[in-house]
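This briefing goes through the chains, their contacts and some of their local packing. Keep the sequence and the 3D view open while reading.

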Amino acid sequence: MSEITLDGLAKRYGEELAVEDVSVTIDDGELLCLLGPSGSGKSTTLRMLAGLETPTDGEIRIDDEDVTDRPAYERTTATVFQDWALFPHKSVLENVAFGLKMQGVGKEERRERAREMLERVRMTDHADDDPMNLSGGQKQRVALARSLAVNPDVLLLDEPLSNLDKRLSEDMQIELREIHAELEETFVHVTHDQDEAFTLADRIGIMADGNLVQVGEPNEVYQNPKNRFIEGFLGDTNFVEGVVDRTSPDAVRVETELGREVVVPTSNPDALDAGDAVSLSLRPEALSIESADAGLEADEAGQPVRTDGSTTNSVVGTVESVLYRGSTVRYSVAVEGTSVFAERTVSDSGEFETGDEIRISWDGADVLAFRDDGSRVDL
Amino acid sequence: MSGTHSSLPAPIARVWEPLRERSRSKRALLLMAPLLVFELLLFVAPFLILLRISLTSGSQDLRYAAGTWSLEGYAEVLSSGVLQDAILYSFKLGLIATGITVSIAVFYAYAIWRAEGAIKSALLFSVILPLLTTLVVKTYAFRPLLSPTGTVNDLLLSLNLVSEPIQFVPGTIGVIVGQVYIVLPYAVLAIYSVLSTMDWGIVEAARDLGASRPRSVLEIVVPQAMPGIIVATVISFAWSVGAYAAPGLLASQRVPFAIEVEKRLLSNLQWEIATAYAVIMLLLMAASIGVLTVTLNRFGGEFEYA
Amino acid sequence: MHRETVENVAFRAGYLAILTFMLLPLAVVVATSFEASGQLLFPPENYSLVHYRTFFEETTWLSAFDNSLLVGTGTTVVATTLGVTAAFGHELDDGRTGQLLAPLVLVPLLIPPIILGISMRVYFVRAGLNASFLSIILAHTLWATPLVYFVMRSVFSRFDWQLLDAAKDLGAGPIQSFAYAVLPNVKHGIFVGALLAFIVSLQEFVMALFLSSHSTETIPVVAWTALRQSLDPMVSVVSTFLILISIVAIVAATVATNLEWLSKQLS
């Protein structure tokens, strides 16, 4: 059992602030992904956890024991590094046995245990190889085995998959999940790749500018991003800028750059006032497209009404480009001088072409709104 | 050029063409030739002559008897206690100085590698400046420092660490200190140049896996730096065994090889002995450097401290 | 945490002690040159420039300076020419000759100067070149060339050779293309190599001792002879000049390249 608590963790290099304030509790046996763009402080946070950097401020506790000032070699953490950092003058087996050697385990026993670890990552055949002759994926497995061999309370992974090609990286993600499930140890995994984080994580912690912005289960973080940065970082989306025109008890009407009002239903009409600047996020998966002449009736306020009677938002635009991205097709549509994109699966692509007039429509309830300071509007 | 050779007769053109193909390597050869000739004339030839003179017999009124063949020189070296003592003393100095030099050099090179900014520049400067300063200057500064009335003894006396002055200079301790000072810059740079290509991440990995800081240096840094350490050892040993300046200025009665061979060559004019002595010394050095290198190479991989 | 602190203190104390050890002897030399009395005292009791005045009046030292300058310049010219051309040739074609050349050039550096001095002395006496400036220049070239050669190999190996091909494409002859395409890019390297050659020659004394006569003695040789008789404060004055020259050379080389790179070339 290893529960980790970070409390007000900060790291400064001279004037430069790498980590400003990170506080989070990582549960025993949890796999937490720290996700953020480069320079967000996620690797520095991990290195402080490992004991490779001394925090300028704050506290780290592992199982309620303060380890903030404890050097790396006295911590029960083990790290898998981005470039794997295998010892070049030692064989694969000696690499894996190194941690046990440092613990004072006898030669025979540590070789045997190292062999077991290599078996777990299916690298037994390479036990006597020079690690420098291995492929990236093989090095990654050896690095993993080397860290697991010391039976750490916490395994720290510092973007270990970022140097692998996409296919290999995806295979390794699945393998990592399996190993995590089997060992029931606490893992902290740092990555800049959203897909990787969503595949692996029990919880995701999103970092930006040295701060932990939001922590939550993947689904929750995706559905309920705390601010505009997270919404933009987690996936491609359309941000539409606008100004609140008027609010009513159950809806906010926003005058947008799309040249028409967007109606967002709300249960909290006091959240915004007329004249507030807002960004609306229209996620591509929430947009449906159809031929512009597919008839829609307008209600008395001029809002289109679906055939089933529900109100909806829609705009008409011209297809600018059609991009085939494997299993999906992305349509980029020019609307009133800006550009909106929508996606369809290939089988359901509707076969529109560049120059076609199409209608994009969405359910107002799928729209997320952000204030101009980036914070999310709770509608 | 193409204009001229098109008018060449066919047989000559047939020879010329492949030569032209090889013109790049021919030009390269031409560029390397001067240095090659220089090395042959100024390095290889002198050694062959040295070898030849070592095989002549002695002469009463000349430096050696030209044209004769004899092993007298070698016989003298192998039978003379004085000459052998000097060699033994030289090797003793060489081994001690090398051991001290290489240990300090590993530490200092590591410190330079880890240092940043102004400290790194200062440390590098402290190595390069003595390196580019003449042996004479480097050695004689130790006389006012280490003599019985010198600075170090004053310090030791005032701190009550010793009751009477210690005679470091002239003496073997002074020679060793001076010799370490002479070769240390070369040893540090040889090791530093290897370390500077090393990835700090693997040292972090070792610490992460439970190696304390001294242990991580021993387990990871030293084996990785072994090529540099071998170069440092070879240079330190070769130059310390052949040391001339430090013993010349700082030694007392015991005389090493360099001083003895100088005496035979310049004062006694016994060239057959001096040259045979130099040849034997060179062979012994080559053999011991070979042994040292092989021994150190075995430490390049996995080894046991525990 | 306690252990870490102790280690940090020990580590810092260790390298500062070595730093002191490296620079103290040079500081002693410079300081003793300002001692008023005729003795070598450190730290000096009374400061004075009296020995500097004497220096400029003594012909032995001044002519030794001239000799050193002559030998140094000669060595620089010969060693730089040999080293640069050979490194250029080696870069063009890394054939068997090149593979033979590298160790052959390196070996003299590993042989104690005393043995080189002996073999050279014997050789030059037989060749009738004994006690000439040329013999000292050639001996110093044997030591200085490897430095130039390895500096230039490292410079050339980083040079983009497509520039040379491009120049030839544009119709430049071999000498022109070298002068316009290669030279401007490697001139810093040549400068540093030449500087090192000069310094090596200026400071070398064992081979010079074996090869010089009274009229060709260089500064270190005169200093050595003086020291074997007594501790002469004049040697401190001369040494201060030598140290100053080295500092200027290091600064010049650092400006042309950088300290880090220079350090790697010297090893």
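The points below cover the chains, the contacts between them, helix packing and a strand sheet. The model is predicted. Chain A has both helices and strands, 8 and 22 of them, whereas chain B has 16 helices and 0 strands. Chain B touches chain A and also chain C.

**Chain A overall**

- Chain A contains 8 helices and 22 strands.
- Along the principal axes, the C-alpha atoms of chain A fill a box of roughly 85 × 45 × 35 Å.
- Chain A has 379 residues, and 40% of them are buried.
- Of the contacts in chain A with a separation of 6 or more, 62% are between residues 24 or more positions apart.

**Chain B overall**

- In chain B there are 16 helices and 0 strands.
- Chain B has 306 residues, of which 46% count as buried.
- For contacts in chain B between residues at least 6 apart in sequence, the share that joins residues at least 24 apart is 72%.

**Contact between chains A and B**

- Chain B contributes 20 residues to this contact, and chain A contributes 19 residues.
- On the side of chain B that touches chain A, α11 (200-208) and α12 (213-224) of chain B each supply at least two residues.
- α11(B) provides the largest share of that side, 7 residues.
- The side of chain B that touches chain A is made up of 8 nonpolar, 6 polar and 6 charged residues.

**Contact between chains B and C**

- Here 72 residues come from chain B and 68 residues from chain C.
- On the side of chain C that touches chain B, helix α1 (residues 2-32) of chain C gives the most, with 12 residues.
- That side of chain C divides by class into 49 nonpolar, 15 polar and 4 charged residues.

**Helix packing between chains B and C**

- Helix α6 (residues 117-131) of chain B packs with helix α11 (residues 233-256) of chain C at an angle of about 130 degrees, and their axes are 10 Å apart.
- Because of this angle, α6(B) counts as oblique to α11(C).
- The crossing of α6(B) past α11(C) is right-handed.
- From α6(B), the residues F125(B), I128(B) and L129(B) meet S246(C), I247(C) and I250(C) of α11(C).
- The contact of α6(B) with α11(C) comprises 5 nonpolar residues, 1 polar residue and no charged residues.

**Helix packing within chain B**

- Helix α5 (residues 81-114) and helix α10 (residues 172-195) of chain B cross at roughly 45 degrees, and their axes come within 7 Å.
- This crossing angle makes α5(B) oblique to α10(B).
- α5(B) and α10(B) form a right-handed crossing.
- By class, the contact of α5(B) with α10(B) has 23 nonpolar, 2 polar and no charged residues.

**A five-strand sheet in chain A**

- An open sheet of 5 strands in chain A has the order β13-β12-β11-β14-β22, with antiparallel pairing.
- β13 (261-265) and β22 (368-371) of chain A are at the edges; each has a single partner strand, so one side of each lacks a neighbour in the sheet.
- From one strand to the next, the twist averages 40 degrees.

**Strand pairs in that sheet**

- Strand β12 (residues 251-256) of chain A is joined to β13(A) by 5 bridges, and the two run antiparallel.
- In this pair, E255(A) stands opposite E261(A) of β13(A).
- β11(A) pairs with β12(A) in the antiparallel sense over 6 bridges.
- Opposite G242(A) in β12(A) stands T256(A).
- The hairpin that joins β11(A) to β12(A) does so through 2 residues.
- Strand β11 (residues 238-248) of chain A also pairs with strand β14 (residues 277-282) of chain A, in the antiparallel sense and over 6 bridges.
- F239(A) has S281(A) as its bridge partner in β14(A).

Technical notes. Residues numbered from 1 in each chain as written. Chains lettered and ligands numbered in written order. Predicted model: local features only at pLDDT ≥ 70, side-chain atom pairs only at ≥ 80, totals over all residues. Axes fitted to C-alpha atoms, helices over the stretch in contact; angles between N-to-C directions. Helix = DSSP H or I, 4+ residues; strand = E, 2+ residues; numbered from the N terminus. Parallel < 35°, antiparallel > 145°, perpendicular 65-115°, else oblique. Left-handed = near helix turned anticlockwise from the far one by under 90°. Contact = placed C-beta atoms within 7 Å. Nonpolar A, V, L, I, M, F, W, Y, C, P; charged D, E, K, R; others polar. Buried ≥ 20, exposed ≤ 12 C-beta atoms within 10 Å, placed from the backbone. Pairing = 2+ DSSP bridges.
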